There are 4 protein chains.
Amino acid sequence: MCSGDPDRPTENLEKTIGMEGFGFDGESEATGRLPVTDAIKQPFGIVHGGAFAALAESVTSRATYEAVGPESIAMGQANDTTFLRPVRGGTIEALARARHRGRTSWVWEVEMSDDDDRLCALTRMIIAVRSMERADA
Amino acid sequence: MCSGDPDRPTENLEKTIGMEGFGFDGESEATGRLPVTDAIKQPFGIVHGGAFAALAESVTSRATYEAVGPESIAMGQANDTTFLRPVRGGTIEALARARHRGRTSWVWEVEMSDDDDRLCALTRMIIAVRSMERADA
Amino acid sequence: MCSGDPDRPTENLEKTIGMEGFGFDGESEATGRLPVTDAIKQPFGIVHGGAFAALAESVTSRATYEAVGPESIAMGQANDTTFLRPVRGGTIEALARARHRGRTSWVWEVEMSDDDDRLCALTRMIIAVRSMERADA
Amino acid sequence: MCSGDPDRPTENLEKTIGMEGFGFDGESEATGRLPVTDAIKQPFGIVHGGAFAALAESVTSRATYEAVGPESIAMGQANDTTFLRPVRGGTIEALARARHRGRTSWVWEVEMSDDDDRLCALTRMIIAVRSMERADA
């Protein structure tokens, strides 16, 4: 994010879609939320599936990196999101639990809920962990 | 919101992330592309996984709806995206192929490639198809 | 095949791999287990990934059918299994929780653990629910 | 498989379910098939989803190991199988294509078809590749 680092853009997808409230307990639970605006909806007025996928991936990759960086990097490897209930307003809350914290990968399960605490989407996220010098694969 | 249809916001996630070039042959192949900008990256300067997931979902849900609507609606049910190669610039091209076109679901496979035609991400997308009057589940 | 119903084979995959102990609370939790034998391993002596996938699918499709049948049928639509820890012996216990019970689909998350209660694999299972007369898609 | 190696059982899941015809071009395409018998069906007389998942995983993990072993091992990390069409008889043919052959993971897409060459199931398979001395994670 600093001005001197050309690889750290000041814009990013989290800001673009309005993600906020990231938290991580340093162990195995992380959170984030996404206020619902038209900018994250699909044309029929419900939240776009990609917004859920992006929210889950941001929370889990940031948390993994907080745990393993800066010696290692954390990169999303697979994002499997299932949609259970359309959302039209309010705020989407993401609750992520690390189910595996291995040397080469972390696996998270993420629940995303609406303002009435109804489950709206589920993500399973595999985050690859690689040491900085071997991050090419 | 446009004045004529309160459910159709004039902003949407496709515009927010800059998706363009949607095409559909009316049968089983659809395309779209996403120019890489900082606004779709994660903090380390590579394209955010959620941007790939959103691109694939937009292309396939729009194409499915073009084929089955307006009598039926098309809603994303599951989006499974695997990331193969980080992307830092250029344009991401999505090529989607319908592998199943059933009465209640369509299944698509999507390849996303960079400017050098290298495969960067894969999505399998299940789109639920429901008649308008029974769209609640 | 039993004489009364040519579609109900007396052999099936559950018996072939030795699944046992199916239970369902009638609501949202189901269980099953798979004793580890050579017959379910891959050539290197650890349990084959397909055995986990089969166990999770059996538990969730049986439970869904118990809830929605016989007016409706329950058919596996998507099985996404992630492997966390190899298993060489003992018994694999599956605990499945229904996360969505809709009119046209149920979504389950399944945890599979070893004798030391360590998490070994996760499955997310989408079960399509269709009325008997419209089960063709 | 040799009698002297206690980790190589003479029984295994591939034999248990009757898989045959494994082939691999040494590069990026692999095949296998599964004759349909009652032993691989679910109780309603169609092939159990776990049989498709097992077939796809066997073909792709064997092929990956042929390419990277014995210096490295190949272990299934994620198996995402989507079911498109029920199968009641004949033989299931699996055609697997490697979409990514990285240092730490291979990613395959597998198509499974029936005797009439109709697509019945799709698997995306992530195979983790680890050097023998660091295979613990």
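Okay, let's start with a helix crossing: where H2(C) and H2(D) cross, the crossing is right-handed. Before I go on, please keep in mind that this is a predicted model.

So, what does that crossing look like? Helix H2 covers residues 49-68 in chain C and also residues 49-68 in chain D, and the two pack at an angle of about 165° with their axes 8 Å apart. That makes H2(C) roughly antiparallel to H2(D). On the chain C side, the residues that meet the other helix are Gly49(C), Gly50(C), Ala53(C), Ala54(C) and Glu57(C), and facing them in H2(D) are Gly49(D), Gly50(D), Ala53(D), Ala54(D) and Glu57(D). Sorted by class, that contact has 4 nonpolar, 4 polar and 2 charged residues.

Now over to chains A and B. Generally speaking, two copies of a chain are related by a rotation about an axis and a shift along it. Here, a turn of 180° and a shift of 0.0 Å along the axis lay chain B on chain A, with an RMSD of 0.0 Å. That's the relation of a two-fold axis. Which residue of chain B comes closest to the rotation axis? It's Asp80(B), with its C-alpha at 2.1 Å.

How do these two chains touch? On the chain B side, 32 residues are in contact with 33 residues of chain A. Helix H1 (13-17), helix H2 (49-68) and strand E3 (72-83) of chain B each give at least two residues to that side, and E3(B) brings the largest share, 8 residues. By class, we have 12 nonpolar, 13 polar and 7 charged residues on the side of chain B that touches chain A. And 100% of the interface residues of chain B are also interface residues in chain A, so the copies meet through the same surface.

Let's stay with E3 for a second. E3(B) pairs with strand E3 of chain A, residues 72-83, in the antiparallel sense, over 5 bridges. If you want a pair to look for, Thr82(A) has Ala78(B) as its bridge partner.

Last bit, some backbone details. Most residues other than glycine have a negative phi, and most peptide bonds are trans. In chain A, though, Gly69(A) and Pro70(A) are joined by a cis peptide bond, omega about 0°, and Pro70(A) sits in the loop between helix H2 and E3. Chain B has a cis bond from Gly69(B) to Pro70(B), with omega near 0°; Pro70(B) is in the loop between H2 and E3 of chain B. Then there's Asp117(A), not a glycine, yet with a positive phi of about 65°. You'll find Asp117(A) in the loop between strand E5 (105-113) and strand E6 (119-131) of chain A.

Key:
Residues numbered from 1 in each chain as written. Chains lettered and ligands numbered in written order. Predicted model: local features only at pLDDT ≥ 70, side-chain atom pairs only at ≥ 80, totals over all residues. Least-squares fit on C-alpha atoms with pLDDT ≥ 70 in both. Contact = placed C-beta atoms within 7 Å. Axes fitted to C-alpha atoms, helices over the stretch in contact; angles between N-to-C directions. Helix = DSSP H or I, 4+ residues; strand = E, 2+ residues; numbered from the N terminus. Parallel < 35°, antiparallel > 145°, perpendicular 65-115°, else oblique. Left-handed = near helix turned anticlockwise from the far one by under 90°. Nonpolar A, V, L, I, M, F, W, Y, C, P; charged D, E, K, R; others polar. Pairing = 2+ DSSP bridges.
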